[in-house]
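Hi everyone, thanks for making time this morning. I'd like to walk you through a structure that's probably new to most of you, so let's put it on the screen.

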Amino acid sequence: MAYWLFKSEPSTWSWDDQMAKGESGEEWDGIRNYQARNHMRSMKVGDRGFFYHSQSEKAVVGIVEVIAESHQDSTTEDERWDCVDIKAVGPVRTVVTLRMCRDDPRLSGMVLVNNSRLSVQPVTDDEWEVVCELAGVDP
């Protein structure tokens, strides 16, 4: 299993929106960055991810699971752009802010800490465990 971080502006697509989709989940669409797209192309069903509110909150607020592998993004006819489908697994007990990640030396190499603009990014096994620990959830 691989781990990821999915960033969304809460005013566009929030954790509450994701939770409301239930088991059917939702396409993680609208990504127009090649690096983020390539990350989605390598995802497998069952991979887990952090749901991250960007902009003002800048925090991990939930856990999601990939439920459909890379396919054409339905929001465009441009064949260059793919997406995956994800469903909410559950909220975190304690939101984990970007500041908390930056302040924890165990996360100094995390993509979020070093390239906070990338909308879909990998998370290492060790980083997954640390953030889960900070969030009060079982890895």
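Let's begin with the largest pocket, which holds about 420 Å³ of space. It has 18 lining residues, and the ones closest to its centre are Lys7, Ser8, Glu9, Ser54 and Ser119. If you're wondering which elements give two or more residues to that lining, they are strand E1, residues 3-8, and strand E2, residues 26-27. As for the chemistry, the lining breaks down into seven charged, six polar and five nonpolar residues. Do keep in mind while we look around that this is a predicted model.

Okay, on to the strands. Look at E3, residues 48-53, and E4, residues 59-72: they pair in the antiparallel sense, with six bridges. One place to spot that pairing is Tyr52, whose bridge partner in E4 is Val60. The two strands make a hairpin with five residues in between, and in the turn you'll find Gln55 with a positive phi of about 70°.

E4 also pairs with strand E5, residues 82-97. Those two run antiparallel as well, joined by ten bridges. For a landmark here, take Ile63 and find its bridge partner in E5, Gly90. And a general reminder while we're on strands: in a regular one, side chains alternate between the two faces of the sheet.

Now for the helices. Helix H1 covers residues 15-20, and Asp16 sits in it. Is Asp16 buried or exposed? Its relative accessibility is 59%, so Asp16 counts as exposed. You can also use Asp16 to relate this helix to the strands: Phe51 is 35 residues away in sequence, yet the C-alpha atoms are 11 Å apart in space.

Helix H2, residues 34-41, is where you'll find His39. That one is a contrast with Asp16, because His39 has 16% relative accessibility and counts as buried. What is His39 in contact with, leaving aside neighbours within four places in sequence? The answer is Trp4, Leu118, Val120, Gln121 and Pro122.

Last topic: salt bridges. How many does a search of the whole structure find? Nine. I'll pick out a few of them.

Arg41 and Asp82 form one, with their closest N and O atoms 2.6 Å apart. This pair links distant parts of the chain, since Arg41 belongs to helix H2 and Asp82 to strand E5, 41 residues apart. The two ends have different surroundings: Arg41 is partly exposed at 38% relative accessible area, while Asp82, at 10%, counts as buried.

Next, Asp103 and Arg99, whose side chains meet at 3.7 Å, N to O. Both are in helix H3, residues 98-103, and because they're four residues apart, about one helical turn separates them. Asp103 counts as exposed, with 52% relative accessibility.

Finally, the side chains of Arg106 and Asp104 meet in a salt bridge of 2.8 Å, N to O. Asp104 is buried, at 11% relative accessible area, and Arg106 is partly exposed, at 43%. There's a third member here too: salt bridges with shared partners tie Asp104, Arg106 and Glu133 into one network.

That's my tour. Happy to rotate the view if anyone wants another look.

Terms used:
Residues are numbered from 1 along each chain as its sequence is written. This is a predicted model: local features need pLDDT of at least 70, side-chain atom pairs count only at pLDDT 80 or more; totals for chains, interfaces and linings use all residues. Side-chain values use heavy atoms; hydrogens and water are left out. Two strands pair if DSSP finds at least two bridges between them. Buried means under 20% relative accessible area, exposed over 50%, partly exposed in between (1.4 Å probe, protein chains only). Contact means heavy atoms within 4.5 Å. On a 1 Å grid over the protein atoms alone, a cavity is a set of points where a 1.4 Å probe fits but cannot get out, and a pocket is an open set with protein on both sides within 12 Å along at least five of seven lines; lining residues have an atom within 4 Å of a point. Grid points are joined across faces, edges and corners, and a volume is the space filled by probe spheres set on the points. Ala, Val, Leu, Ile, Met, Phe, Trp, Tyr, Cys and Pro count as nonpolar, Asp, Glu, Lys and Arg as charged, and the others, Gly among them, as polar. A salt bridge is a side-chain nitrogen of Lys or Arg within 4 Å of a carboxyl oxygen of Asp or Glu.
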